[in-house]
Amino acid sequence: MTAADTTSTPLGDPSSADRGTRSRAWAVTGLLVVFMMINFADKSVLGLAADEIRADLDLSATEFGLANSAFFLLFSVAAVVVGVFADKVRPTTVILVMALLWSVAQVPPAIGGGLALLVGSRIVLGAAEGPAFPVAQHTAFSWFPDHRRNLPGALVTLGITLGVITAAPGLTWVIDHHHWRTALWVLAAIGLVWAAVWHFFGGTGTYRTADAPRAHGDAAEARTGAPAPEAAGERVPYRRIFATPTWLAVTAAYFTCYWAVALMLVWLPSYLRNGLGYSSSEAGRLVVLPWVMGAVVLLAQAGITGWLMRRGVSTRWARGGVGGAALALGALACLGVPLVDGSGAKTALLAVGMGLGGSYAAVAATTVSELAPPGRAGGALGVMNAVVTTAGLAAPAIVGVMVDRQGPGGYQNAVIVTGAMLLVGGLLSATLVDPARDRARLRA
């Protein structure tokens, strides 16, 4: 039996103040951070090689945008199916299979071929990567009670940022010196190495997404002869969860965040090169700035949220309010881009705006995890992720059309559209998100 087949005793249980258990929880969290790093390195490689791919395959901006949108064609469907599946089985094996598929999907376009093969491989890669974030969050949360989930949730989300920060300079160098197809081989090898490590050291904890571990609910049922409150909550239909103001608002806010993320992944390197006049190497370095900003915001949000919750502030403000404020500030920075002159000033506002705008994922995951009854969190997270990632299907194609029709000005107009969307998302989060209220209604 490997370590991946085992589970731990819940953290916080008085019978298990075991340091090894705590170390295991953080070790698994660390592996999931790297998992998300690889996930977003896979996503970012085409954006980093946009000009080279377009020249090599003779693609217009619209065609290149559609090729990137193909990544999200099955992304959402896979997120729903695997998200619901994760409520029924331990996700350890699911994560391993996803990582292996990522590596396999990189091989065909790395060998050669044209646009059709590139699009086909991205569709397969998108289907394999679609469930990654909700399943990774669900797995990390299984090691921690609710009041300790802000930091691990933020760290797993931080893997998104770290993936681009570490990949952008390195992959840009590989693309510039060894061709863009070589970069795909590098990503395939990294994915295989991670899968081997996860097979031996990964695992799932015993905390459920409710406040109490499964064993507590089972014991309550045994003592009373009636289902525990958590067990009763498992029978809440998904449609009731999806109809709550909290789920609707947090999903809409996260959609605007993901739009900003898709724009950064696919078109920001080209904007820096073709819209703001930077060289390829300069763009490869500067493209990490919004992601660095996002990392700082993620950690700050986790700290502020945890600090507020420890002082009794409701998650309406600690999660919905803090997350909404970050989106609104990001919106203001994006909307300010056309109001300043010079590449330096525009780049600075882009870094702040996109960094703040792309920071909502951890808020969304922890909020839905708090809202959903036991046995429903994986599905609730998966469906939210499925809806949200349709932004990745739309944004690359729409911005590609804007660039073909408007030239370099299309990039800046895309940033303005993103700012307006972020402002709406921030307002929805700050005014409608209240997981404690809606959870109580679901239980009633």
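## A helical protein and its side-chain links

The protein exposes about 16300 Å², and carbon and sulfur atoms supply 68% of that area. Keep in mind as you look around that this is a predicted model. Its secondary structure comes to 23 helices and 0 strands. Of its 444 residues, 58% count as buried. Among contacts between residues at least 6 apart in sequence, 85% join residues at least 24 apart.

### Two helices to begin with

Helix α6 covers residues 115–129, and its 15 residues should span 21 Å at 1.5 Å a residue; the end C-alpha atoms are indeed 21 Å apart, so expectation and model agree. Buried residues in α6 are Leu118, Ser121, Arg122, Ile123, Leu125, Gly126, Ala128 and Glu129.

Helix α7 (residues 132–141) is a pleasant one to inspect: 10 of its 10 residues are buried, so the rest of the structure largely encloses this helix. Among these buried residues are Phe133, Pro134, Gln137, His138 and Phe141.

### Salt bridges between helices

The structure holds 7 salt bridges. Three of them are set out here, with the N to O distance for each pair.

| Pair | N to O distance |
|---|---|
| Lys43 and Glu129 | 3.4 Å |
| Glu52 and Arg273 | 3.5 Å |
| Arg181 and Asp56 | 4.0 Å |

What does each pair tie together? Lys43 belongs to helix α1 (residues 19–48) and Glu129 to helix α6, so their bridge joins parts that are 86 residues apart in sequence. Both Lys43 and Glu129 are buried. The charged end of Lys43 also sits over the ring of Phe40, 4.3 Å from the ring centre.

For the second pair, Glu52 lies in helix α2 (residues 50–57) and Arg273 in helix α14 (residues 268–275), so this link ties together parts 221 residues apart in sequence. Arg273 has a relative accessible area of 19%, which means that it counts as buried, the limit being under 20%. A network of salt bridges links Asp51, Glu52 and Arg273.

In the third pair, the side chains of Arg181 and Asp56 meet. Arg181 is in helix α9 (residues 180–201) and Asp56 is in helix α2, so the bridge ties together parts 125 residues apart in sequence. Arg181 is buried, with a relative accessible area of 13%, whereas Asp56 counts as partly exposed at 38%.

### Aromatic pairs

The structure also holds 16 aromatic pairs. Tyr238 and Phe242 form a stacked pair, with 5.9 Å from centre to centre and 15 degrees between the planes. These two residues are 4 apart in helix α12 (residues 238–242), which means that about one helical turn separates them. Arg376 lies over the face of Tyr238, at 4.8 Å from the ring centre.

Tyr254 and Tyr258 make an edge-to-face pair, 6.3 Å centre to centre with 75 degrees between the planes. Both lie in helix α13 (residues 245–266), 4 residues apart, or about one turn of the helix. An α-helix has 3.6 residues a turn, so residues three or four places apart point the same way. Tyr254 and Tyr258 are both buried. Ring pairs link them with Phe71, Phe72, Phe75 and Phe133 into a cluster. Phe133 is also one of the buried residues of α7.

### A buried threonine

Thr305 sits in helix α16 (residues 289–310). This residue is buried, with a relative accessible area of 0%. Leaving aside residues up to four places away in sequence, Thr305 touches Asn150, Ala318, Arg319 and Val322.

Terms used:
Residues are numbered from 1 along each chain as its sequence is written. This is a predicted model: local features need pLDDT of at least 70, side-chain atom pairs count only at pLDDT 80 or more; totals for chains, interfaces and linings use all residues. Side-chain values use heavy atoms; hydrogens and water are left out. The expected span of a helix is 1.5 Å times one less than its number of residues. Buried means under 20% relative accessible area, exposed over 50%, partly exposed in between (1.4 Å probe, protein chains only). Contact means heavy atoms within 4.5 Å. Accessible areas come from the Shrake-Rupley method with a 1.4 Å probe; for residues, only the protein chains shown count as cover. Rings of Phe, Tyr and Trp (its six-membered ring) pair if their centres lie within 6.5 Å; planes under 30 degrees apart count as stacked, over 60 as edge-to-face and the rest as tilted. A charge sits over a ring if NZ of Lys or CZ of Arg is within 6 Å of the ring centre and within 35 degrees of the ring normal.
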